[in-house]
Amino acid sequence: MLSVSNVTMRYGSKVLFEEVSVAFVPGRRYGLTGPNGSGKSTFMKILTGELDAQKGNVVRPRKFGVLRQDQFAFDAYRVIDTVIMGNKPLWAALEERDRIYEKPELSDADGMRLGELEGVIGDEDGYTAESDAAVLLDGLDIPEELHDRKMGEMQGGQKVRVLLAQALFGKPEALLLDEPTNYLDLDSVHWLQDFLQGYDGTLIAISHDRHFLNSVTTHTADIDYETIITYTGGYDDMVMAKTQIRSTLESQNAQRDKKIAQLNDFIARFSAGTRSSQVTSRRKEVERLQTNDLARSNIARPYIRFDQVRPSGKHVLEFKHITKIYGDLKVIDGFTANVLRGERICLMGRNGAGKTTLLKSLLANYPGLADKEFSLDSGAVFWGHEAQIGYFPQDVGATIEHGLTVAEWLHRWNPAAHVEEIRGILGQMLFSGEEGDKQTKALSGGEQARLAFCKLILTKPNLLIFDEPTNHLDLEAINALNIALQRYEGTVLLVTHDHDLIDEVATRLWNFKEDGIEDFQGPYAEWKGKHN
C-alpha cells in the first residue's frame, strides 16, 4: 500500500496542499493532475522519499519503481546494467558478489556470504535479469546492439527510454512516473500504454498527454483547491465530475445567499418592532446558513485564437525532390509534395526519423526563419502567393531575446499595435497584470511557449509551422491549442507525438518510415484503419 496522511506542503504564503490524506490502492492506475505550479512533481517527490513533507506521514511498499529525471546520473554504466539497477536489492547483491569473486582467495565467511547472495539473486530473478531487461529495452525501441553501450553514448530521448525501462524493471509493487511520455515517439507511447494497462500494481503517473491518461488510468488524483481529490476514471471523466461538483456547490451557495438576503431584509424591517422572537429565530437561521467561501481553483485556462491578416493563395507550398544527408545517413530521400490552403498536416514517426529536418529544409531559404547552419543537399522549395509563416521551433526559448520585458518583446513584432492590444493578448495567455513586466530571461519553459503563442496571435500569419509545441505546456494549454488549431482557417504543419492533437487536428499525414515518407491524404482515424 502507498498512502499519505495529513501531508502539508507550502512555500512561503503559497499553499500547495494541506492536511492531505490519500491511499493509492493496488491494482489501480492513477493520473496525478493539476496545472503547472500546482505541486504535482513536489507531491511525487514526497511519495518517492526524495523530499520530506513539512507535516504528515507516508507509507511506501518495499519495492517501487521511479522514473529518474537526471539523465546523466548513469553515464558511466552500461545500458543493460542501468535497467537492472531498477531492482535495488538485486543490483546490490550482484555488486557484492562481484567484489567477493575479485578477491585473490576466498575465506569460509566469503563462501557463506556467497551462498546468501545467490539466494537473494535467485529470489529477485537475477538469473534472467539481462534477458528480462532486454525485453523492456526492445519494447522501448532500444535495439540489442545498444544494450552494452555506455549510457553516456546515448541520445537524450534514448536515455529517457532506458530510465523508463529501469523504473519498470524488477516487478515493482508501485510505479511512480513523472512525465513518462516526454521525448517518446507515438509508437513508443502506444507500447507504454499497452504495458501499463497490464500492470497489476499501483501506478501513479504525471502526464500532460490527455490521450495517455484516458487510455491508462483508472482513477485521477487531482491537485486543486489546496488539496488532492480522487476521482474515478481518466482525465476527461475527472474534468466532467469536477465541473459538475463545482457547479452544484456554486448553485447551492447561490440559493443560500438568496435565502440569507431575504432573512436579513426581514431582520432589518422588524428588529425594532414587536416581532423580536421572529427576528431572533431568523438571525439564528442566518448563522446556520452562512455560506463558507469555496476554495479558489488554481486552474488557469489560456485562450488561444489564431487569425490571419489575409489568406494565402490556393497553393501555399510546393517542393520537389527534397534530399538531406548527414554523413552516410540519407534522412530525406527525394520527397515531393504540394500543400493546399487550409490543410492541417501532421508529421509523425519515430524520434530521429527526420521530421524536424524536413521543416528546416522547407525553411532553408525563407527570410528570417532559415537556420544559418543548415543547408539542403538537393531539391527545390516554392512558397505560394502571400504565404506568411509563423514558426514555433523545438527550442522556442532560443528565439526570445533577453534584456526585455515580456510586453516589450511582444511589441517588437508589431510596433503599430496599441498597448491595450499587447496587454490583452498577454492576458489571454495568462500573463496578467504585472507579469507583462517580467524579464524574458526569467521565463520558465511553459512561459516561453505561451509567449511564443502570443507572437503568433499578434502577427496573424496564414501558415503555422509547429515543431513539438506541447513539450512545456500543461493539459489546459494543450487543450486550448488543440481547439485553436481546429478552428484556424489557415494552413498548419505540425510535428507532435500527442495522440489527440494528431487525431483531432490533422487532415493529412506525413508518416516518416524507414523506407521513406508516406503522404496520406486523410485524418489519423482513416490512416489507422488502413494500417491495422
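Start with the whole chain and its contacts: in this predicted model, residues 24 or more positions apart make up 67% of the contacts with a separation of 6 or more. Keep everything displayed for a moment and colour by secondary structure; you should be able to pick out 17 helices and 18 strands. Turn the C-alpha trace along its principal axes and you get a span of about 100 × 80 × 50 Å.

Next, switch on the surface. The protein chain exposes about 26,100 Å², with carbon and sulfur atoms supplying 47% of that area. Of the 532 residues, 49% are buried. Now colour by charge: there are 60 positive side chains and 78 negative ones, and the centres of the two sets sit 9 Å apart.

**Stop 1: the loop at G12**

Hide the surface and select G12, in the loop between β1 (2-11) and β2 (14-24). Is this glycine buried or exposed? G12 is exposed, at 66% relative accessibility. Add P61 to the selection and draw a C-alpha to C-alpha distance: the two residues are 49 apart in sequence and 32 Å apart in space.

**Stop 2: helix α1**

Select residues 40-48, which form α1. This helix is mostly covered, with 7 of its 9 residues buried. Show side chains for K40, T42, F43, M44, I46, L47 and T48 to see the buried set. Then step one residue on to G49, which follows α1 and has a positive phi, near 95 degrees.

**Stop 3: H147**

Jump to H147, in the loop between α5 (129-139) and α6 (156-168). Its relative accessible area is 5%, so H147 counts as buried. Which backbone oxygens does the H147 side chain reach? One belongs to I142, at 2.9 Å, and another to P143, at 3.3 Å.

Now expand the selection around H147. Beyond its neighbours within four places in sequence, H147 is in contact with R78, V79 and I80, as well as with A134, L137, D138 and I142.

**Stop 4: the cysteines**

Select C346 and C454. At 1% relative accessibility, C346 is buried, and C454 is buried too, at 0%. How many disulfides turn up in the whole structure? The search finds 0.

**Stop 5: two positive phi values**

Go to L430, in the loop between α13 (419-428) and α14 (445-459). Check the backbone here: phi of L430 is near 75 degrees, a positive value in a residue other than glycine. L430 is partly exposed because its relative accessibility is 25%, and a residue has to be under 20% to count as buried.

Follow the chain through α14 and pick K460, in the loop that leads to β15 (463-467). K460 is not a glycine either, yet its phi is positive, about 55 degrees. With a relative accessibility of 25%, K460 counts as partly exposed.

**Stop 6: T470**

Carry on to T470, in the loop between β15 and α15 (475-487). Its relative accessibility is 14%, which means T470 counts as buried. Show what surrounds this threonine: not counting residues up to four places away in sequence, T470 touches I478, L481, T496 and L501.

Before moving on, add H208 and draw another C-alpha distance. T470 and H208 are 262 residues apart along the chain, and their C-alpha atoms are separated by 8.4 Å.

**Stop 7: D500**

Finish with D500, in helix α16 (residues 499-505). Is D500 buried or exposed? D500 is buried, with a relative accessible area of 7%. Show its side chain together with the backbone of H211: the D500 side chain reaches the backbone nitrogen of H211 at 3.4 Å.

Expand once more, leaving out neighbours within four places in sequence. The contacts of D500 are then R210, H211, N482 and V505. For a closing view, keep D500 and H211 on screen with that 3.4 Å approach drawn in, and bring back T470 and H208 with their 8.4 Å C-alpha separation.

Key:
Residues numbered from 1 in each chain as written. Predicted model: local features only at pLDDT ≥ 70, side-chain atom pairs only at ≥ 80, totals over all residues. Heavy atoms only, no water. Helix = DSSP H or I, 4+ residues; strand = E, 2+ residues; numbered from the N terminus. Buried < 20%, exposed > 50% of the residue type's maximum accessible area, 1.4 Å probe, protein only. Contact = heavy atoms within 4.5 Å. Areas by Shrake-Rupley, 256 points an atom, 1.4 Å probe, with all protein chains shown as cover. Lys, Arg positive; Asp, Glu negative; His and termini not counted. Charge placed at Lys NZ, Arg CZ, Asp CG, Glu CD. Polar contact = N/O pair within 3.5 Å; in protein donor to acceptor, adjacent residues only side chain to side chain. Disulfide = S-S within 2.5 Å.
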